[in-house]
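Reader: Walk me through one part of this model up close, please, starting from what is buried and working outwards to whatever sits around it. Keep it informal, but give me the numbers.

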Amino acid sequence: MSFVLLLNLLVKPGWLVVENLVQNQVGHAEYGLFAALLNLALITSVLADLGLAQHTTKRIASAPEYLAEYFPTVLPLKVALSGLFLGGTLLVGWLLGYRGHTLVLLGLATGIVLLTQFTAFLRGALQGYQRFNIDAVLSVLDKATAILLLLGGLSLGVALTLDGYVIVRAGATLLTFVTLYALLTRLYGRVPYRPRWSQARTVLRESLPLAAIALVYGLNERVDGLMLERLVSAREAGYYAGAYRWVDAVMMYLWTVLPLFFAKFAHATARRDEQQTLLWFGQRIVTVPLLLVCAFVLFRGEVLFWQFTRSTPAELVRMTWCLKLLFLNVLVHAFFAIYSTLLTSTGQEQPVSWLVAGSTLLNISLNLLLLPRYGALAAAADTLLCALFVSGGYLWLVTRRTGVAVPWATLARLLLAFGLLCAAWWGLRWWLNTWWLEAGLASGLFVGILFLTGNVRVAELRQLLQRK
């Protein structure tokens, strides 16, 4: 686990910086076009997997013989689905109006997603056989390779174009796939292709519920950038992509912590008191760090666009406002995402999926109404409104279906802490007007605010120290 975290901490922040450099080099319109094409491929990528990756990992972990018995059927099934995904995505792109060179770029973007999906699928064999260190290296190999190639080219003075960027990404992804396939062949031998319809039917029946959830969440997350490019302009899509990149980076904290609580909630399914304790404890663990991050963005979000030296002041202002609206969305998830984890870990996947589907329909409707007039700002605002809608639904489902009480007092204390932090930051900005001094002092004050509001207690810290 430590090795996995170390690799991700080394590579993923570097990838964020490199993507900023790329967008600054190729321009907002060019990058916005690629972001829209990639979003389209990510939305339709459910066709390339249909839940097979998660299903395969789970089955191999519980029954290692699954690889030899089912892979002769599953592997050709995956190849067929990948071909369907590639052809289907290009068809959808053509129907949306993409032609000529743009359709070629869509094909390359689809190829990147396809190979990434196939690599994740094959990595399931390594995870199932507990080869986590090898899996960890392969999980970041494509981005690490692309970072080296892109930074090397920029340092040599090579003019970066959108085509060059896409080709580098595709090449790095292909290298990772070939490396993994060769490694699996060496470790476990070549898998023969002997598809059996009865096995394929069984596998698809078991994996389709996972595919439905992936489709709903993927559409809800990715549709904004695509609609912006189609309904408004590629430039507006570029502004949104530049801001959303930071949201993706910060939300990784949630996607790292929440799976731990998922396992804990599932383990305590029949013990409501234990789930209650976990929820009240997890609420603070999930929310507190993000309060400080959100406050920083709300007061000093413009600092995060320091690499965009070719953007006009008006463009930077627009991106900053997008970022602030999107981080209000992060703030909502910081408070309420753990309730989705509680629901899905206790057998409530179907109502959660319907709720997210309703949020997606609301998002698309608002986008159709507001994007043509307000552009990227409308996309960010619509995302915030949908987060509020779906979070209210989580609370309603928890109170109606789980028997676990919502910790309203804890939520109130956390909200009070955030309000006090914002008030302190406003005063520091008026007094100092230097972002790094403000951030340092606000962080120190936040610790005191957490104790003052009762979100952190001395007695709890003493208990933790005694356990160690």
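Author: Quick bit of vocabulary before the tour: "buried" here means under 20% relative accessible area, "exposed" means over 50%, and "partly exposed" is whatever falls in between. Also keep in mind that this is a predicted model.

With that cut-off, take two cysteines. Cys386 has a relative accessible area of 4%, so it counts as buried. Cys322 goes down to 0% relative accessibility and is buried as well. If you were hoping for a disulfide, a search of the whole structure turns up zero of them. For the record, a disulfide would be a covalent bond between the sulfur atoms of two cysteines.

Now for the part I'd look at closely, the largest nonpolar core. It has 81 residues, and those with the most contacts inside it are Tyr240, Leu323, Phe327, Tyr339, Tyr394 and Trp425. Eight helices feed it with at least two residues each: H9 (197-231), H10 (234-267), H11 (272-300), H12 (313-345), H13 (349-374), H14 (376-401), H15 (408-431) and H16 (435-452). The largest share comes from H12, which puts in 16 residues.

Zoom in on Leu323. Leaving out residues up to four places away in sequence, Leu323 touches Ala243, Trp246, Val297, Gly301, Leu304 and Phe305. A second core, of 37 residues, lies apart from the big one; Ala48, Ile112, Val113 and Leu162 are among its members.

Some of the helices that supply the big core deserve a look of their own. H10 has 34 residues, which at 1.5 Å a residue should span 50 Å; its end C-alpha atoms are 47 Å apart, which agrees. H10 does bend, though, by about 30° at Met251.

H11 tells a related story. It has 29 residues and reaches 42 Å from its first C-alpha to its last, close to the expected 42 Å. H11 bends by about 25° at Thr287, and a proline, Pro289, follows within four residues. Gln276 is another H11 residue. With a relative accessible area of 17%, Gln276 still comes in under the cut-off and is buried. Gln276 touches Val404 and Ala405, again not counting residues up to four places away in sequence.

As for H14, its 26 residues reach 37 Å from first C-alpha to last, close to the 38 Å expected. Just after H14, Gly403 takes a positive phi of about 75°.

Next, the charges. The whole structure has nine salt bridges. One of them ties two of the core's helices together. Arg318 pairs with Glu236, with the closest N and O atoms 3.0 Å apart. Arg318 lies in H12 and Glu236 in H10, so this pair joins parts that are 82 residues apart in sequence. The two ends differ in accessibility: Arg318 is partly exposed at 24%, while Glu236 is buried at 12%.

Compare that with a pair of sequence neighbours. Glu221 forms a salt bridge with Arg222, the closest N and O atoms being 3.7 Å apart. Glu221 is partly exposed at 34% relative accessibility, and Arg222 is partly exposed too, with 22%.

Further out along the chain, Arg169 forms a salt bridge with Glu19, where the closest N and O atoms are 3.9 Å apart. This one links distant parts of the chain, with Arg169 in helix H8 (residues 162-188) and Glu19 in helix H1 (residues 2-26), 150 residues apart. Here both partners are under the cut-off: Arg169 is buried at 14% relative accessibility, and Glu19 is buried at 11%. The pair isn't alone, either, since Glu19, Arg169 and Arg245 are linked in a network of salt bridges.

One last charged residue to click on is Asp135, in helix H7 (residues 132-155). Its relative accessible area is 8%, so Asp135 is buried. Between Asp135 and Leu180 there are 9.1 Å in space, C-alpha to C-alpha, with the two sitting 45 residues apart in sequence.

Technical notes. Residues numbered from 1 in each chain as written. Predicted model: local features only at pLDDT ≥ 70, side-chain atom pairs only at ≥ 80, totals over all residues. Heavy atoms only, no water. Core = buried A, V, L, I, M, F, W, Y, C linked by side-chain atoms within 4.5 Å. Buried < 20%, exposed > 50% of the residue type's maximum accessible area, 1.4 Å probe, protein only. Contact = heavy atoms within 4.5 Å. Expected span 1.5 Å × (residues − 1). Bend = angle between axes of the 7 residues up to and from the residue. Salt bridge = Lys/Arg side-chain N within 4 Å of Asp/Glu carboxyl O. Disulfide = S-S within 2.5 Å.
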